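Trainee: Before we rely on any label for this structure, I should like to see how each one is justified. May we go through them in turn?

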Amino acid sequence: MNALIDPAHRADEAAADELVLRGPADGGALAARLAKRYAGRVTGSFVVPGREGAYEPLPEDLPPALADALRARGITQLYKHQGEAWAAAQAGAHVAVVTPTASGKSLCYTLPVVAAAMQSHAKALYLFPTKALAQDQVAELLELNRAGELGVKAFTFDGDTPGDARQAIRLHGDIVVSNPDMLHQAILPHHTKWAQFFENLRYVVIDEVHSYRGVFGSHVANVIRRLKRICAFYGVRPQFILCSATIGNPQQHAEALIEAPVHAITESGAPSGDRHVLLWNPPVVNPDLGLRASARSQSNRIARLAIKAGLKTLVFAQSRSMVEVLTKYLKDVFDHDPRKAPRIRAYRGGYLPTERREAERAMRAGNVDGIVSTSALELGVDIGALDAVVLNGYPGSVAATWQRFGRAGRRQQSALGVLVASSDPLDQYLVRHPEFFEGAPPEHARIAPDQPLILLDHIRCAAFELPFVGHEVFGNEVATPWLEVLGEEGVLHREGDRWEWIADSYPANAVSLRSVADGNFVVVDRTGGRQTILAEVDYSAAALTLYEGAIHMIQATPYQVERLDWEGRKAYVTRTHVDYYTDAIDYTKLKVLDAFGSAPAGRGDAHHGEVHVVRRVAGYKKIRYYTHENIGYGPVNLPDQELHTTAVWWQLDQRTLQQAFDERQQALDGFLGAAYALHIVATVAVMAESRDLQKAVGSGDGAWFVSSDASGRGQLRGADGQPTALEPDAPFTPTVYLYDAFPGGVGLSAPLFERREDLVAQARSLLERCDCHFGCPACVGPVLAVDEAAERAPKALAARVLALLASL
Amino acid sequence: MSALRDRLRGLRAQAGQSVAAAAPAPAPRQTTIEDLRWLLGVRARSRARPTTPFPARDRELFGEEIAPGLRYTEEHVDWPGPPAPIDTRFARREEMIDPARLLHFDTETTGLAGGTGTRAFMIGAADWCGGRLRLRQLTITTMAAEPAMLRTFAEWLAPDSVLVSYNGKCYDAPLLATRYRLARLANPLAGLDHLDLLHPVRRHWKGQWENCRLATAERQLLGVLREDDLPGSEAPAAWLTYLRGGPATNLRRVAAHNAQDLKSLAGVLLRLSALGGVAAREPS
């Protein structure tokens, strides 16, 4: 969009930037100057006040050698929450610690764990959601251990651990640092090899528990059930210490995960500076078309100013390619001298582990001034202190927004957080209603561990680990019916009251906790006859980033994909010097295969059945750097990403719609809004994450579907994904679908069908109770154009659709 | 799930009683098998269910039942010998081992998947007894007999026993260690000396033979050619078939296969021993 800005305007901006850079540099000062110079763009600004530290002396019952080691590391007193965690752990309670990033959370579990290892050779298992976090933790433990010569041995145990090291870790590790996937696939199914470890297991530490929600969290809760079952076999009942970022229901979530009461610690004693938050809407660059400058151009500008002002700055982008584009822009300013160490780094999934570790080290050492990352840095990877965080687009949840802002902050100095809105209706709504964001509580984390199909997966794995005997209870359920199903399947054999595993298979390998399709793609550099592996891309991202012709960037260096070997999971690339990047054009459509059940729903009907969801990458756009002109298209010829799953759907027939609506567009808007509201109430009803349950509006026969346009209105698209319009006499049966976003389904849709009347009633009440006039993200989705009569606003239209679907 | 739960409310009282003692709060729930089948609809459609074999007449098994579900066979055979002290230089060791200490062993298992879900349903062992090779086999015909089998096998081992196996260090011994652990029994194999012949055979003949499996080694070194041998991969199915009430035909063939493995093991060891110092060198 910068191309539309005239030179005079550009000079004004440069002058404004000069003014912004004058004066002292901390987050608060920069926030004030930005708000002054860019008053038209800053739509909201507020300050989260810092707090004084609350301290207490090192506990007296701490082993002296450990206390000495802490002092040697410069820790002479504890924050209050660390002391509270120590006391609760010593009292034998399960503990949940919920405090911000960089509040010394890890000491809350390190102290009890290391003390127990020193005093009674007790063992501990740490679970982190990512390998990077696990490695951080081990490095920290080793430093503490060295500082006091404590003799405590800590190891990571993950997919990268070599076979010959595993035996030693099983026998000699005091603290084994792993992840839920390894526990599920490698440790529990081989628990006899870990017998000594389990017999002495005192603590299980689970960090970042807020990331274990939805279907993933439900799987993890079942892995914890299996862990407890194995522990019982070895006669131990370990204490759990859990840590979470801020979510709406931390204690409840921790208790749901481990199915036991926890002592929750929610007051942080760590000092922090003020946090200044700005909501930023890019300026209108074409008033006639209502076009705004891109979020990218604004994020780039804000990050540039912050770095020039001497603030260590982290930019969060929503996609991997956006990370690379923003990295390039910042490198063009700050890294033009190749002889100097880079000041700007990109950090994202898909880099080789060594490269990520190297970037983390450089950041910790303070050698990096600007980092551009995906959500990969939302978790607690240790990257040292930062001063400013820029969000290029709304991350999708209040909790994630605060977690990202929380990345910046020093004890004595104020920090800056800027949320730059994209053109997405949700982003636009938020920056235009700053009070909505400021007052919004962080979301709740939800899990449904008794979801029958998830339960079946884990009862299967549990039966492999130890036979079930009698009417054994697994979680909250008597396992017997599940065992009978597994017996019929031929994997279990019943003898007397025992169910024994009998199949020649390893069930944990067939159950993926994260439901990601298998088979990473490797990116192979063939420049100049080389054959070097540059990166790994997971299956789900491959179709969008590795099509032939794609520009694949690594630390902002562009490579072009020359050949994609889909079956062999390889992409061959060569170094290139083009002045554009590429962006995939993709769309999703849905088709009903079979209805299992149907029932009337008001004046329409509701169904439950099997659907086929197709995601297709139709082609790609070439986009020139800086000007962001579209300079061409390319075709993509890839297999469709197909998902066979279950769904629940509601329909109204053509005649009913004709009576209720003046025109078809209104009905479409109403269906889109109704889908949004039904999705909200349905996710809560099945305790899912919104990403686990997807919504769609389309024709009953799959001929067309509807997506939201930039203003939140429905845009009809044909089977090829292109915008289209219906012939006036074409059949018209709009349908709202809620479907399970997992291959084969995890069973979310059947209970929704059972509760269909309740859901419609709840969605109606959601609309009635919402204070907005035309529609907002809390009811029918963000609505921007409100220059029309209220009865034609999406909220009213959605209410009309829901009324037609409600019981008569 | 609420509707499913509602339907089950009637059953819950029933189930609650039977598990009341073990049940944590809140009271456990029970789902009916029909409900589960219905929920599994989409997934199950593509999956074929194994058929239960027809009740078979040919259920005759070998040996005697020494404990419920545990069968024992013993056989004494003439086999290349008579054994002299074993020269262990083939295993890059120095000492001579008294053949009376040797216990050749081989298990037949329910599969190769590994982990706690794989078990041995047959343990065969061979030792030198009065100048002849004594073959003993333990076979379980019920799951419940496993501890008895493990205890019996433990009795065959002495603190100075030397185990002889083919890939047993990586496969049979760890598998048995797991089974002893699950049965809460001490592992009698732990700490015993163990000659695994796979690696010496590989060192010496790799590249000269098409592969170094035991069947190849016995053909090349001992001139044994098996007839009607049941491939090892079919052993799990043979036992499962019998366990589920099917015919014993193939299970008898598994026993024959296992017995031949034991004899070959003893024969290959003698050949390796006879190589003396030659085997210690890398092949040229």
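Mentor: Let us begin with a turn. In this predicted model, β30(A) and β31(A) form a hairpin with five residues between them, and A:Y626 in that turn has a positive phi of about 70°.

Trainee: What makes β30(A) and β31(A) a strand pair?

Mentor: Two strands pair if there are at least two bridges between them. Five bridges join β30(A) to β31 (residues 630-635) of chain A, so the criterion is satisfied, and the strands run antiparallel. One of the partnerships is that of A:K622 with A:G632 in β31(A).

Trainee: How do you know that β29(A) and β30(A) are paired, and in which direction do they run?

Mentor: The same cut-off of at least two bridges applies. Strand β29 (residues 580-601) and strand β30 (residues 604-624) of chain A share 20 bridges and run antiparallel. Within this pairing, A:K591 has A:H612 of β30(A) as its bridge partner. The two strands form a hairpin with two residues between them, and A:G602 in the turn has a positive phi of about 60°.

Trainee: How many bridges join β30(A) to β32(A)?

Mentor: Eleven bridges join β30(A) to β32 (residues 641-651) of chain A, again antiparallel. Here A:E610 stands opposite A:T646 in β32(A).

Trainee: Why is α10(A) described as largely enclosed by the rest of the structure?

Mentor: A residue is buried if 20 or more other C-beta atoms lie within 10 Å of its own. By that test 15 of the 20 residues of α10(A) are buried, so the description follows. For chain A as a whole, 52% of the 808 residues count as buried.

Trainee: What span is expected for α10(A), and how does its actual reach compare?

Mentor: At 1.5 Å a residue, the expectation is 28 Å; helix α10 (residues 214-233) of chain A reaches 29 Å from its first C-alpha to its last, which is close. The helix is followed by A:G235, whose phi is positive, near 75°.

Trainee: How do you know that the dimensions of chain A agree with those of a compact globule?

Mentor: For 808 residues, a compact globule would have a radius of gyration near 28 Å, and chain A has 28 Å, so the two agree. Along the principal axes, its C-alpha atoms fill a box of roughly 80 × 75 × 60 Å. Chain A contains 25 helices and 36 strands. Of its contacts with a separation of 6 or more, 71% are between residues 24 or more positions apart.

Trainee: Why is B:A144 called partly exposed?

Mentor: A residue counts as buried at 20 or more neighbouring C-beta atoms within 10 Å and as exposed at 12 or fewer. B:A144 has 16, so it falls in between. B:A144 lies in the loop between β7 (132-140) and α4 of chain B. Leaving aside residues up to four places away in sequence, B:A144 touches A:E495, A:G496 and B:G69. The C-alpha atoms of B:A144 and B:G69 are separated by 7.4 Å, although the residues are 75 apart along the chain.

Trainee: Which elements of chain B have the lowest and the highest mean pLDDT?

Mentor: Helix α1 (residues 2-19) of chain B has the lowest, 30, and helix α4 (residues 146-155) of chain B the highest, 98. The mean for chain B is 82, with 77% of its residues at 70 or more. pLDDT stays under 50 over residues 1-26 of chain B, and likewise over residues 42-51. The model scores ipTM 0.85 and pTM 0.84.

Methods. Residues are numbered from 1 along each chain as its sequence is written. Chains are lettered from A and ligands numbered from 1 in the order in which they are written. This is a predicted model: local features need pLDDT of at least 70, side-chain atom pairs count only at pLDDT 80 or more; totals for chains, interfaces and linings use all residues. Helices (H or I, at least four residues) and strands (E, at least two) are DSSP runs, numbered from the N terminus. The radius of gyration is taken over C-alpha atoms; the globule rule is 2.2 Å times the number of residues to the power 0.38. Two residues are in contact if their C-beta atoms, placed from the backbone, lie within 7 Å. pLDDT is the predictor's confidence in each residue, from 0 to 100. The expected span of a helix is 1.5 Å times one less than its number of residues.
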